[in-house]
Amino acid sequence: MKTHTITINPRFCETDALGHLSNISYFIYLEEARTRLFDELRYGGRTDDWHFILASTKCDFVNQGFFGRRLRVETNISRIGNKSFQCIHRIIEEETDKLIAIGEAAVVHFNFQTQTSEPLPDDLRAMLAEYLVPSAEETASPPSCKKK
C-alpha cells in the first residue's frame, strides 16, 4: 500500500488568538494534500479539465498544532465506489510523530459540462487502489503514529 505524503510549514497567520493553528487551516492542509495526490495521479492541475467535486469533508482535532512545528500530511484511500472515493488524511507533527488531526473527504468524479457524476475511469480506479488501506483500524493509527 502506498501513502501519499506532503510537508506543511504552518505560517504565523494560520494561528488564532489562542496561539494554536486555527481550525480552518487544517482544511487548507487537507485540500493541499488531496490536490497534490490528484497531480500525482495525473488527474489534477488544470481547472479546465477538472473532474472532482467534494461531497463531504470533516476533520477531527486530536492534538493542538502550532506555528513553527512542521507537519506531515499522509493520505490514503479508505473506500473506492462506482462514482466516488473516500480520502483519509492524517496530520502529524514531524518532530514528535504526534497525531494532530484526522481528516476525511468524499470525492465524486464529476462532469462539470453536464453537471452530473460519472463512473470512475478504470485507470483512476487502479491508481487509487494502490493507496487503499486494508482496514479502518490502520487509517486512524498508522505505524508512523504509534508510540515507540
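**Charged pairs, helix packing and cores in the predicted model**

Lys 58 has a relative accessible area of 38% and is therefore partly exposed. The model described here is a predicted one. Lys 58 pairs with Asp 60 in a salt bridge, in which the closest N and O atoms lie 3.4 Å apart. Asp 60 is likewise classed as partly exposed, at 37% relative accessibility. Side chains of opposite charge can pair when their charged atoms come close. Over the whole structure, the search returned nine salt bridges.

A salt bridge with an N to O distance of 3.6 Å joins the side chains of Glu 94 and Arg 70. This pair connects distant parts of the chain, since Glu 94 lies in the loop between β4 and β5 and Arg 70 in the loop between β2 and β3, with their positions 24 residues apart. Glu 94 is partly exposed, with a relative accessibility of 31%, and Arg 70 is also partly exposed, at 42%.

Burial was found for both members of a further pair. Arg 72 and Glu 74 form a salt bridge through their side chains, at 3.0 Å from N to O. The relative accessibility of Arg 72 is 13%, so this residue counts as buried; Glu 74 is buried at 7%. Both residues belong to a network of salt bridges that also includes Arg 90 and Asp 97.

Arg 90 also appears among the contacts of Asn 76, a residue of strand β3. Asn 76 is buried, with a relative accessibility of 1%. The side chain of Asn 76 comes to 2.8 Å from the backbone oxygen of Lys 2. When residues up to four places away in sequence are set aside, Asn 76 touches Met 1, Lys 2 and Thr 3, together with Gln 86, Cys 87, Ile 88, Arg 90, Tyr 131 and Val 133.

A second polar side chain was examined in the loop between β1 (4-8) and α1, where His 20 is located. The side chains of His 20 and Gln 64 make a polar contact at 2.8 Å. Beyond residues up to four places away in sequence, His 20 touches Gln 64, Gly 65 and Phe 66, as well as Glu 14 and Thr 15.

Helix α1 comprises 18 residues, and its first and last C-alpha atoms are 27 Å apart, close to the 26 Å expected at 1.5 Å a residue. The buried residues of α1 are Ser 25, Tyr 26, Tyr 29, Leu 30, Ala 33, Arg 34, Leu 37 and Phe 38. An α-helix has 3.6 residues a turn, so residues three or four places apart point the same way. The cover over the buried residues of α1 includes strands β1, β2 (52-61), β3 (71-80), β4 and β5. After α1 comes Arg 42, which has a positive phi near 65 degrees.

In soluble globular proteins, nonpolar side chains tend to be buried together. The largest nonpolar core in the model contains 15 residues, of which Leu 41, Phe 52, Ile 77, Phe 85, Val 107, Leu 124 and Leu 128 touch the most other members. Two or more residues of this core are contributed by each of α1 (23-40), β4 (84-93), β5 (98-111) and α2 (122-129). Helix α2 gives the largest share, three residues. With its neighbours within four places in sequence left aside, Leu 128 is in contact with Leu 41, Ile 77 and Phe 85, and also with Ile 80 and Leu 120. A second core, separate from the largest one, has 13 residues, among them Tyr 26, Tyr 29, Cys 59 and Ala 101.

The structure contains zero disulfides. For Cys 13, the closest cysteine sulfur is that of Cys 59, and at 18 Å the two sulfurs are too far apart for a bond. Cys 13 is exposed, with a relative accessibility of 59%. Cys 87 is in no disulfide either, and its nearest cysteine sulfur, again that of Cys 59, is 13 Å away. Cys 87 has a relative accessibility of 0% and is therefore classed as buried.

Technical notes:
Residues numbered from 1 in each chain as written. Predicted model: local features only at pLDDT ≥ 70, side-chain atom pairs only at ≥ 80, totals over all residues. Heavy atoms only, no water. Core = buried A, V, L, I, M, F, W, Y, C linked by side-chain atoms within 4.5 Å. Buried < 20%, exposed > 50% of the residue type's maximum accessible area, 1.4 Å probe, protein only. Helix = DSSP H or I, 4+ residues; strand = E, 2+ residues; numbered from the N terminus. Contact = heavy atoms within 4.5 Å. Polar contact = N/O pair within 3.5 Å; in protein donor to acceptor, adjacent residues only side chain to side chain. Disulfide = S-S within 2.5 Å. Expected span 1.5 Å × (residues − 1). Salt bridge = Lys/Arg side-chain N within 4 Å of Asp/Glu carboxyl O.
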